[in-house]
Amino acid sequence: MATNRDTAGMSRLGSATPPVELSKKKAVARLEEAQQRLLKLRLELGGQIGGKKIGPPLCVVFEGWDASGKGGAIKRLASPLDPRHVRVSQFAAPTYDEKRHHFLWRFWPKLPGWGGMAVFDRSWYGRVLVERVEGFATKEQWQRAFQEIVEFERTLTAEGMIMVKFWMHVSPEEQLRRFEDRANDPLRAWKLTEEDWRNRKKRDAYEKAVEEMLKRTDHERAPWHIIAGDNKHYARLAVVETVCERIEEALKKAS
């Protein structure tokens, strides 16, 4: 499935609209097909089928706005897989001990090895997003981080890793609607925090940071895929189909 990439003179986020109109019924049906396709590919990478030879590690990185659908997309990505064959890791603010190390240090232990798969809910991009906007990193630190991140990703992909990066985009209007839905739902209210509301007030600053992040860290080995998230059913389908396509491309090159 095609996802939004950069075009000359156009905001990357401004181009985040679904390339096709899909009904919920069609999206759900295609999602089930994509999940079966992913299951087969994952078993091939893990060496469970297809000659028992393990394939390259797969790392899927999710970033995006609060309430942009990261959790739902991750659930659809991981649910068809055996829990032994995928590890989902969430990253919040670094701990005191983690702050004593280089900002990339805490991510290394969670990276997948050959035949493995990892899904990151947030990642090293916090350095150039929340740490930048909230002042947790100095300007020198977050400016330097762009090159450090690209070099880090190139090192991993040069060793064979398949890295798929998603920015889950949602409009301010849809984000507000989802915030209010959460606030009014006793079983989901816990997902909405005062920090979410504060971040929303700084959306302009975050948009500036996101645009620069997309521009400076999009590279051939690990390109960004911008997912239009206002339509949850489309977004979940786009994520699973994109991961399948990236795996198939890598396996084709290796054959």
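Before I start: the axes I will talk about are lines fitted to C-alpha atoms, for helices over the stretch in contact, and the angles between them run from 0 to 180 degrees, taken between N-to-C directions. The model on the screen is predicted.

The first pair to look at is helix H6, residues 172-183, and helix H7, residues 194-201. These two pack at an angle of about 165 degrees, and their axes are 12 Å apart. Angles over 145 degrees count as roughly antiparallel, so H6 and H7 are roughly antiparallel to each other. Their crossing is left-handed. On the H6 side, the residues in the contact are Pro172, Gln175, Leu176 and Phe179, and they meet Asp196, Trp197 and Arg200 in H7. By type, the residues of this contact divide into four nonpolar, one polar and two charged.

Next, helix H1. H1 covers residues 24-46, which is 23 residues. From its first C-alpha to its last it reaches 32 Å, close to the 33 Å expected at 1.5 Å a residue. Which residues of H1 are buried? They are Ala27, Leu31, Ala34, Gln35, Leu38, Leu41, Arg42, Leu45 and Gly46. When you read that list, keep the geometry of a helix in mind. An α-helix has 3.6 residues a turn, so residues three or four places apart point the same way.

What do the buried residues of H1 pack against? There are three strands, E1 (58-64), E3 (117-121) and E4 (162-169), and two helices, H2 (70-78) and H9 (232-254).

Lys24 also lies in helix H1. Lys24 counts as exposed because its relative accessibility is 55%, and the cut-off for exposed is over 50%. In sequence, Lys24 and His85 are 61 residues apart, and in space they are 29 Å apart, C-alpha to C-alpha. After H1 comes Gly47, whose phi is positive, near 80 degrees.

Now the contact of H1 with H9. The axes of these helices come within 9 Å and cross at roughly 30 degrees. Under 35 degrees counts as roughly parallel, and H1 and H9 are therefore roughly parallel to each other. The crossing is left-handed. Among the H1 residues that meet H9 are Lys24, Ala27, Leu31, Leu38 and Leu45. The H9 residues they meet include His233, Arg236, Val240, Cys244 and Leu251. The residues of this contact divide into 13 nonpolar, two polar and eight charged.

H9 also packs with H2. Here the angle is about 45 degrees and the axes are 9 Å apart. Is this pair parallel or oblique? H2 and H9 are oblique to each other, because an angle of that size falls outside the ranges for roughly parallel, roughly antiparallel and roughly perpendicular. H2 passes H9 in a right-handed crossing. The H2 residues in the contact are Gly72, Ala73, Arg76 and Leu77, and on H9 they meet Arg236, Val239, Val240 and Val243. That contact divides into five nonpolar residues, one polar and two charged.

Staying with H2, its buried residues are Lys70, Gly72, Ala73, Ile74, Leu77 and Ala78. What covers them? The cover includes the helices H1 and H9, and the strands E1, E2 (87-90), E3 and E4.

Two residues have a backbone angle to note. Most residues other than glycine have a negative phi, and most peptide bonds are trans. Ala67 is not a glycine, yet its phi is positive, about 65 degrees. Ala67 is found in the loop between E1 and H2. Its relative accessible area is 8%, so Ala67 is buried; the cut-off is under 20%. Arg122 is not a glycine either, and has a positive phi of about 80 degrees. Arg122 lies in the loop between E3 and helix H4 (130-133). With a relative accessible area of 23%, Arg122 is partly exposed.

The last residue is Trp105, found in the loop between helix H3 (96-99) and E3. Is Trp105 buried, exposed or partly exposed? Trp105 is partly exposed, because its relative accessible area is 38%. If we leave aside its neighbours within four places in sequence, Trp105 is in contact with Asp97 and Glu98. Trp105 and Trp142 are 37 residues apart in sequence, and their C-alpha atoms are 15 Å apart in space.

Note on methods
Residues numbered from 1 in each chain as written. Predicted model: local features only at pLDDT ≥ 70, side-chain atom pairs only at ≥ 80, totals over all residues. Heavy atoms only, no water. Helix = DSSP H or I, 4+ residues; strand = E, 2+ residues; numbered from the N terminus. Expected span 1.5 Å × (residues − 1). Buried < 20%, exposed > 50% of the residue type's maximum accessible area, 1.4 Å probe, protein only. Contact = heavy atoms within 4.5 Å. Parallel < 35°, antiparallel > 145°, perpendicular 65-115°, else oblique. Left-handed = near helix turned anticlockwise from the far one by under 90°. Nonpolar A, V, L, I, M, F, W, Y, C, P; charged D, E, K, R; others polar.
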